[in-house]
Amino acid sequence: MSERFAGKVALVTGATGVVGGAVARAYAGEGAAVLVTGRDGGRLSELVKDIEAAGGRASAFAADVSRPAEAAAMVAAAVSHHGGLDVACNAAGIFGALAPLADYDDDVFDEVLAVNLKGVFLSMKHEVAHMRSHGGGTIVNVASNLGAHWRLQGASAYVASKAAVSHLTRTAARDHIADGVRINAVSPGPIDSPMSTRPGETVAQRDERMRDALPIGRVATPDEIAAAVLWLSSPESSYVVGQDHVVDGGATA
Ligand SMILES: NC(=O)c1ccc[n+]([C@@H]2O[C@H](COP(=O)([O-])OP(=O)(O)OC[C@H]3O[C@@H](n4cnc5c(N)ncnc54)[C@H](OP(=O)(O)O)[C@@H]3O)[C@@H](O)[C@H]2O)c1
């Protein structure tokens, strides 16, 4: 196992979820001390125990990324628990509803934008504020190929929020690369997770649907998405700035 993140401190939002959990374990497995965040304190504690049992270092901080004070406190927790912040992955996100635009619920629209877009904005804002005055860092936002790249009927809020994350990533990267903060996004296609399964659909039915829709013939594993996040977080991608890196089995090829 390589140690690309030895001596580094990483922060992962959405760490109680499928993708964020895989990313947190991967950072810890490669030597980082990891601050894991989400709202579910019980799942955060379990994740910390798992990482420690595997020989890694981690601590937990419960925060709602859509709330400015909590996003600021989460970054402060990384610094106070582990002595700094070098690497961040903003993976917190929700899907919202599937309904035609004219029937889409206003409150659900607001909630999806609050978590997926404002949450990424607030997370980056506080991550960058620390990194730019402490020698720089890297940030990877988890968008979706359903944002700027693919299509899905009925997902107005999700699609709009993820397209916005893709473009926010570009702007933020241009704003802060001269400060030594390198920002990119990963846009996954469907992943083996509850989010890729439609209401009432079994995993087998989802896999059947994806076999036709995806050139690679299957959904991604969470570890395949984590691998892309780690590459974009590491010095191996040092000249990659402000890109939305699609990892979707050829869906948008
Ligand atoms: N799964 C897919 O097929 C897929 C495909 C493309 C992109 N993505 C994106 O990948 C990311 C992770 O997806 P996933 O499949 O891992 O989803 P997941 O398992 O449902 O996890 C979502 C995570 O977001 C956190 N979260 C939700 N609302 C939050 C809030 N207000 N404040 C803080 N944290 C909040 C949840 O934490 P708590 O439950 O602890 O609050 C959880 O950790 C999302 O941004 C998603 O849009 C997923």
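## Exercises on a parallel sheet and a pocket

Strand 4 (residues 87-90) and strand 5 run parallel and are joined by four bridges. Keep in mind that this is a predicted model. Let's work through it.

**Exercise 1.** Work out how the chain gets from strand 4 to strand 5, and find which residue of strand 5 stands opposite V87.

*Solution.* Start with the connection: the chain leaves strand 4, passes through helix 4 (residues 106-131) and arrives at strand 5, making a right-handed β-α-β crossover. Now for the register: V87 stands opposite T138 in strand 5.

**Exercise 2.** Decide whether strand 5 (residues 137-142) is enclosed or open to the outside, then identify its partner in strand 6.

*Solution.* First, count the buried residues, using the cut-off of under 20% relative accessible area. Six of the six residues of strand 5 are buried, so the strand is largely enclosed by the rest of the structure. Next, split them by direction: G137, I139 and N141 point one way, while T138, V140 and V142 point the other way. Both sets are buried. Last, look across to strand 6 (residues 181-188), which runs parallel to strand 5 and is joined to it by six bridges. Within that pairing, V142 has V186 as its bridge partner.

**Exercise 3.** Strand 1 (residues 9-13) pairs with strand 2 and with strand 4; trace both pairings through L11.

*Solution.* Begin with burial: five of the five residues of strand 1 are buried, leaving the strand mostly covered. On one side sit V9, L11 and T13, on the other A10 and V12, and both faces are covered. Then take the pairing with strand 2, which is parallel and has four bridges. Here the partner of L11 is L35, and the chain makes the trip from strand 1 to strand 2 through helix 1 in a right-handed β-α-β crossover. A10, for its part, stands opposite V34. Finally, turn to strand 4: this pairing with strand 1 is also parallel, over four bridges, and A88 is the bridge partner of L11 there.

**Exercise 4.** Carry on from strand 2 to strand 3 and say which helix lies between them in the β-α-β unit.

*Solution.* Check strand 2 to begin with: six of its six residues are buried, so it is largely enclosed by the rest of the structure. A33, L35 and T37 point one way, and V34, V36 and G38 the other. Next comes strand 3 (residues 57-62), parallel to strand 2 and joined to it by six bridges. L35 has S59 as its bridge partner in strand 3. The helix is helix 2 (residues 41-53), and together with strand 2 and strand 3 it makes a right-handed β-α-β unit.

**Exercise 5.** Describe the largest pocket: its volume, its lining and the elements that supply it.

*Solution.* Volume first: about 1,200 Å³. As for the lining, 47 residues take part, with G93, I94, F95, Y158 and M195 nearest the centre. By type, 25 are nonpolar, 14 polar and eight charged. Elements giving at least two lining residues each include helix 1 (18-29), strand 2 (33-38) and helix 6 (156-176). Helix 5 (145-148) and helix 7 (203-213) do so too.

**Exercise 6.** Is G147 of helix 5 buried or exposed, and what does it touch beyond its sequence neighbours?

*Solution.* G147 lies in helix 5. Its relative accessibility is 11%, so G147 counts as buried. Setting aside neighbours within four places in sequence, G147 contacts V159, K162 and A163. For scale, 31 Å separates the C-alpha atoms of G147 and V48, which are 99 residues apart along the chain.

Notes
Residues are numbered from 1 along each chain as its sequence is written. This is a predicted model: local features need pLDDT of at least 70, side-chain atom pairs count only at pLDDT 80 or more; totals for chains, interfaces and linings use all residues. Side-chain values use heavy atoms; hydrogens and water are left out. On a 1 Å grid over the protein atoms alone, a cavity is a set of points where a 1.4 Å probe fits but cannot get out, and a pocket is an open set with protein on both sides within 12 Å along at least five of seven lines; lining residues have an atom within 4 Å of a point. Grid points are joined across faces, edges and corners, and a volume is the space filled by probe spheres set on the points. Ala, Val, Leu, Ile, Met, Phe, Trp, Tyr, Cys and Pro count as nonpolar, Asp, Glu, Lys and Arg as charged, and the others, Gly among them, as polar. Buried means under 20% relative accessible area, exposed over 50%, partly exposed in between (1.4 Å probe, protein chains only). Contact means heavy atoms within 4.5 Å. Two strands pair if DSSP finds at least two bridges between them. A crossover is right-handed if, with the strands pointing away from the viewer, the path from the first strand over the helix to the second runs clockwise.
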